[in-house]
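Reader: I am new to this one. Could you show me the structure and take me through a few questions?

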Amino acid sequence: MSSSAPKVYPPSAEFAANANATADMYDRAEADPMEFWAEQARRLDWETPFDQVLDWSDAPFAKWYLGGKLNVAYNCVDRHVVAGKGDRVAIHWVGEPGDSRDITYSQLKDEVSRAANYLASIGLQTGDRVAIYMPMVPEAIVSMLACARLGLTHSVVFAGFSAAALRSRVDDAEAKVVITTDGQFRRGQPAPLKTAVDEALGTGDDAAASVQKVIVVRRTNHDPDLNWVQGRDVWWDDTVGEASPDHEPEAFDAEHPLFLLYTSGTTGKPKGIVHSSGGYLTQAAYTFHTVFDHKEGRDVFWCGADVGWVTGHTYLVYGPLSNGATEVIYEGTPNSPDEHRHFQIIERYGVTIYYIAPTLIRTFMKWGRAIPDAHDLSSLRLLGSVGEPINPEAWRWYHEVIGHGRCPIVDTWWQTETGGIMISPLPGVTECKPGSAMRPLPGISAKVVDDNGADVADGEQGYLVLDRPWPGMLRTIWGDAERFKDTYWSRFAEQGWYFAGDGARYDDDHALWVLGRVDDVMNVSGHRISTSEVESALVSHSAIAEAAVIGAADETTGQGIVAFVILTEGAESSGDELIAELRNQVATDISPIAKPREINVVPELPKTRSGKIMRRLLKDVAEGRELGDTSTLVDPGVFEAIRAQRA
Ligand code: WT7
C-alpha cells in the first residue's frame, strides 16, 4: 500500500460514541487499582463476595479476591439462563465437512450438566485433573465447562500434539481421565485421534498410571475396528449422553485452580501454567467486554484460535461465555474446502467481531483480495490480532480489505501466562498506529527497561516487564514453584517484576511496540515452540550428534524453524531421506507444527570458547545477513562451510 497511508487511525465518532471503553478508565484504574479490579470482578456472579482484592504479601505468589467463592461454569452458562436468556445462541458451530450446530445457553447448560454428572459419577473429586485432547468440537467446550463446574482442573492438550507430547502432559498432571474423539477432520479427510491416545497411554508396565478412564466422542466414525480398552474406554454418547441434565453447581474458592495449560519455555520440558478461577475469569470477562467492545445480544464474535491454546481458552470459552456472547466456532482450516471458508462464515452468521493471528492475515494477502471481495463482510465492526507482532503492511491490508476502512483493529499482546489481554488499543478511544499494541490496558502496568531495570528512553529497545500484579496472572507452574520463580521473577527479582521474555520499545509518542521474544522461544504462526525442544527431538535420531535450532524471519509464518545439525561419526548423510526422517522425528516427539522449514547438515557449529553455540550468528546466516560480531568464536572459519552447505 502507498506511502501516503495515514500514520495514525483515530476511531470514528460513531464508534467512539457507543464504545464500552472510555478514556477515563486509565485514570480511574491508576487512582485506585484495587477498587478498579474489584469493580471488574463484580461483572461476575459470586456466591460469596470477596472481602479482600489482593494479597501480594507472599510475592510472586498472588492471591486475588480472598474470601470470594464462585462457580466458573455457572458464570459462563447458568447465569444467562437464569436471567431469561436461555434461548440465545451461545455457539454457532461449523464443522469442517460443512455440518453445523447452533447451541443455545439452555442447551449448553444441559450438556455441561450431563457431563458434570457423569464425571462426578466415576468418582472424580474437586482438584483432580482431566486431560482434554480434542479437535474443535462443541464437546471440547462442554468438557472444559463440566470440569469447571465440578472444580476439576482441566488440561487441554492441542490435538495437533503427538502421542509423546500428550503422554508427558498426562503424566506431569497425573490426569485421571482423558477426553478425546475417535478422529478429527483435516482438510476434508478423517484422521485418527484416539489411536494417539492409545499410543500415549501405553499398556502393561508402560501404561500411564494415573489414567482411569478415556471418554471418546464420536466425531469421524471412520474406523469400524477402533481399538478399545475394556474397562478404560467409554463412548461419550453412552455415558455423558445418558446422564441427567440437572446438576447443582457448588461454589469454589477464587484461587481454586481452574486449569493447567502447558507451554514451551527456554529449557526443559513444557511447563504447566496454572490459572485460578476468580482472578482469571475476571480478566477474561473484563478484557472481552472492553477490548472487543462486546454488546450483549447484538454482536456475533469469532475467534479463530484452537481451543488447545490459551487464546482458545480465554476468547473461545471463558471470555465470551461469561459475557453471554453469541460466538462462532469453526472446526477446520481456513482453506477447507477452499479459501472462501472464513468469509462465507462471516457472511452466513453476520460476524461482527473477528479475532485472528497475523499469520492468517498474511496468508489471506497471498491468496489475494478477490476472495474476501467476493463476500459481504459489512457485518464486521471490529477486528483483532493476536499471537505475534503484526507488520504494518498486514495491519493496513486487514483494515482496508477485511474491515473496509471502517473497523478499528485491536492488536492484543498477551501470553499463556497472563491469562488474558494485557496490552491493546481501546476501541473507540485509542488512535491506532499500525503495528503497535499501543498501551497497557487500564489496570495493567508495563515498562520497557534495560538489564539493570532502568527505563530505556523512548525509541530505544529494552525488555518488556509487568511491574504490577494482575488478576489473570499465572499462579505457579504445576508442581514446580521454584521454576515459576526462576523463569518469570528472577531476572528482575530486586524490583519484583514479571519478565515476559519479549523485547519492546516505546516510540516518541509513547506507543508500545512489542518486538518478539528475546529468549530461545520461537513464534511460528503464532505458536510458541522452544528451540531446545526441537533440538532434543533432532538429537534423539541416531544419526545426529548435535543440533542448533533458530527461528528465522518468515514472510508468512512470522518465524520459520531452521536447524543446523552435525552427524554422528560414521553416520551416512543420505541426503533427502535423512532430512525426511529428522522432520518426522520432530513431528513424533512434539508435533507437525514444530517441523523445521529447513535442516542443514553442517560439519561444525559456531561455538564460543566456553562451548556455547552462537545461535545469533546462525540466525544471521539463515536470514541472509552479514555476520554480527564473531570475535568470541573459536573458529570463525566455520561459517565458510555452513554457507557452502546452504548454497
Ligand atoms: C508470546 C506469547 C497471546 C495468546 C497467543 C500466544 C507473542 C502474542 C502478540 C502481539 C507481539 C505477541 C509474544 C508473547 N505475542 N501477542 N500482539 N504482538 N507479540 O500466547 O503462546 O503464550 O505466546 O506471543 O512474543 O510473549 P503464547
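Reader: Which residue is the bridge partner of Trp302 in β18?

Author: Happy to help! This is a predicted model, where local features need pLDDT of at least 70, side-chain atom pairs count only at pLDDT 80 or more, and totals for chains, interfaces and linings use all residues. Residues are numbered from 1 along each chain as its sequence is written, and side-chain values use heavy atoms, leaving out hydrogens and water. Strands here are DSSP runs of E with at least two residues, and helices are runs of H or I with at least four, numbered from the N terminus. Strand β16 (residues 300-303) runs parallel to β18 (residues 353-356), joined by three bridges, and in β18 the partner of Trp302 is Tyr354.

Reader: Which are the edge strands of the open sheet?

Author: Two strands pair if DSSP finds at least two bridges between them. The seven strands follow the order β5-β4-β17-β16-β18-β19-β20, with mixed pairing. Pairing on one side only marks the edge strands, β5 (100-104) and β20.

Reader: How much of the ligand's exposed area does the protein bury?

Author: Let's begin with polar contacts, pairs of N or O atoms within 3.5 Å. An oxygen atom of the ligand is 2.8 Å from an N or O atom in the side chain of Arg517. Areas come from the Shrake-Rupley method with a 1.4 Å probe. Taken alone, the ligand exposes 550 Å², and the share buried by the protein is 95%.

Technical notes: Polar contact = N/O pair within 3.5 Å; in protein donor to acceptor, adjacent residues only side chain to side chain.
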